[in-house]
Amino acid sequence: MAKYFDVHPENPQQRTIGSVADSIRSGALVAYPTDSCYALGCQLGNRDGLARIRSIRNLDDRHHFTLVCQDFAQLGQLVQIDNDVFRAIKASTPGSYTFILPATREVPRQLLHPKKKTVGVRIPDHAVTQALLAELGEPLLSSTLLLPDEPEPLTQGWEIKERLDYLVDIVVDSGDCGTEPTTVIDFSGGEAEIVRRGAGDTTRFE
């Protein structure tokens, strides 16, 4: 059964965040809130966690996983980014955006798009996510908590606990965080390509 933590959405309890971070370091798969719906997350090198996310979401090897970062210092270690793209991303973060960029050697090969060698990165604007990332001191390997054949992501912690009780190790509940996933912008070709219109405003990328 999954452990269930009720966390304040604006002032997350440090002891709880520390406990969740310790579990992630020990290999746990967590369902956690972000600024654009809930996500599944595990430590970057957690092969079992990656396999479990693929299984829960029924994903193929062409799926772009997202590395959720606390700040640009982390993001810059994971992707190759030039000055123009840096300025565009900087102006939009933290926020409800995922950016697809060429990965650096810091990113495990199994997370990359098999042909493009790209990966998704984002910096969320959510107090609980930021607290967890700060405690971890490293990015989270993540994917939107959208179950196969369902039109919208799960958005209630109690429902996630009920439905995924034996599939995840931890559910972090900080209340409803919406059903609209991130806006996805692909910069891997040098120019901004809007792959998915979601919670983030696309005006600056048109």
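Biologist: What makes β5 and β9 a pair, and is the sense parallel or antiparallel?

Modeller: Two strands pair if DSSP finds at least two bridges between them. β5 and β9 share four bridges, in the parallel sense, so they pass. One of the bridges puts Ile 100 with Asp 186 in β9. Before we go on: this is a predicted model, in which local features need pLDDT of at least 70 and side-chain atom pairs count only at pLDDT 80 or more, while totals for chains, interfaces and linings use all residues. Residues are numbered from 1 along each chain as its sequence is written, and side-chain values use heavy atoms, with hydrogens and water left out.

Biologist: And how do you know what is a strand or a helix at all?

Modeller: They are DSSP runs, numbered from the N terminus: H or I over at least four residues for helices, E over at least two for strands. Strand β9, for instance, is residues 183–186.

Biologist: What else does β9 pair with, and how many bridges are there?

Modeller: β10 (residues 193–196), antiparallel, over three bridges. Val 184 has Arg 196 in β10 as its bridge partner. The two strands form a hairpin with six residues between them, and Gly 190 in the turn has a positive phi of about 100 degrees.

Biologist: How do you know whether the faces of β9 are covered or open?

Modeller: Buried means under 20% relative accessible area, exposed over 50%, and partly exposed in between, with a 1.4 Å probe and protein chains only. Thr 183 and Ile 185 on one side, and Val 184 and Asp 186 on the other, are all buried, which is to say both faces are covered.

Biologist: Why is β7 called largely enclosed?

Modeller: Five of its five residues are buried, so the rest of the structure largely encloses it. Leu 140, Ser 142 and Thr 144 point one way, Leu 141 and Ser 143 the other. That fits the general pattern: in a regular strand the side chains alternate between the two faces of the sheet.

Biologist: Which strands run alongside β7, then?

Modeller: β3 joins it antiparallel through five bridges, with Gly 41 opposite Ser 142. β4 is antiparallel too, over three bridges, with Leu 67 standing opposite Leu 141.

Biologist: What makes the buried residues of α2 lie on one side?

Modeller: Gly 49, Leu 50, Ile 53, Ile 56 and Arg 57 are the buried ones. They cover an arc of only 130 degrees around the axis, so they sit on the same side of α2; the arc is that of the directions from the helix axis to the C-beta atoms. Arg 47 and Ser 55, on the other side, are exposed. The buried residues pack against β3 and β7, where contact means heavy atoms within 4.5 Å.

Biologist: How do you know that Asn 46 caps α2?

Modeller: A polar contact is a pair of N or O atoms within 3.5 Å; within protein, one must be able to donate a hydrogen and the other to accept it, and residues adjacent in sequence count only if both atoms are side-chain atoms. A side-chain oxygen of Asn 46 lies 3.2 Å from the backbone nitrogen of Asp 48, at the N-terminal end of α2, so the distance fits the cut-off.

Biologist: What makes a set of residues a nonpolar core?

Modeller: It's buried Ala, Val, Leu, Ile, Met, Phe, Trp, Tyr and Cys residues joined through side-chain atoms within 4.5 Å. The largest one here has 42 residues, and Leu 67, Phe 99 and Leu 145 touch the most other members. Apart from it lies another core of 19 residues, including Val 20, Tyr 32 and Leu 132.

Biologist: Why is the Tyr 97 and Phe 205 pair called edge-to-face?

Modeller: Rings of Phe, Tyr and Trp (its six-membered ring) pair if their centres lie within 6.5 Å; planes under 30 degrees apart count as stacked, over 60 as edge-to-face and the rest as tilted. Here the centres are 5.7 Å apart and the planes make 65 degrees, so both tests are met. Tyr 97 sits in β5 and Phe 205 in the segment after β10, 108 residues apart. Both are buried, and ring pairs link them with Phe 99 and Phe 187 into a cluster.
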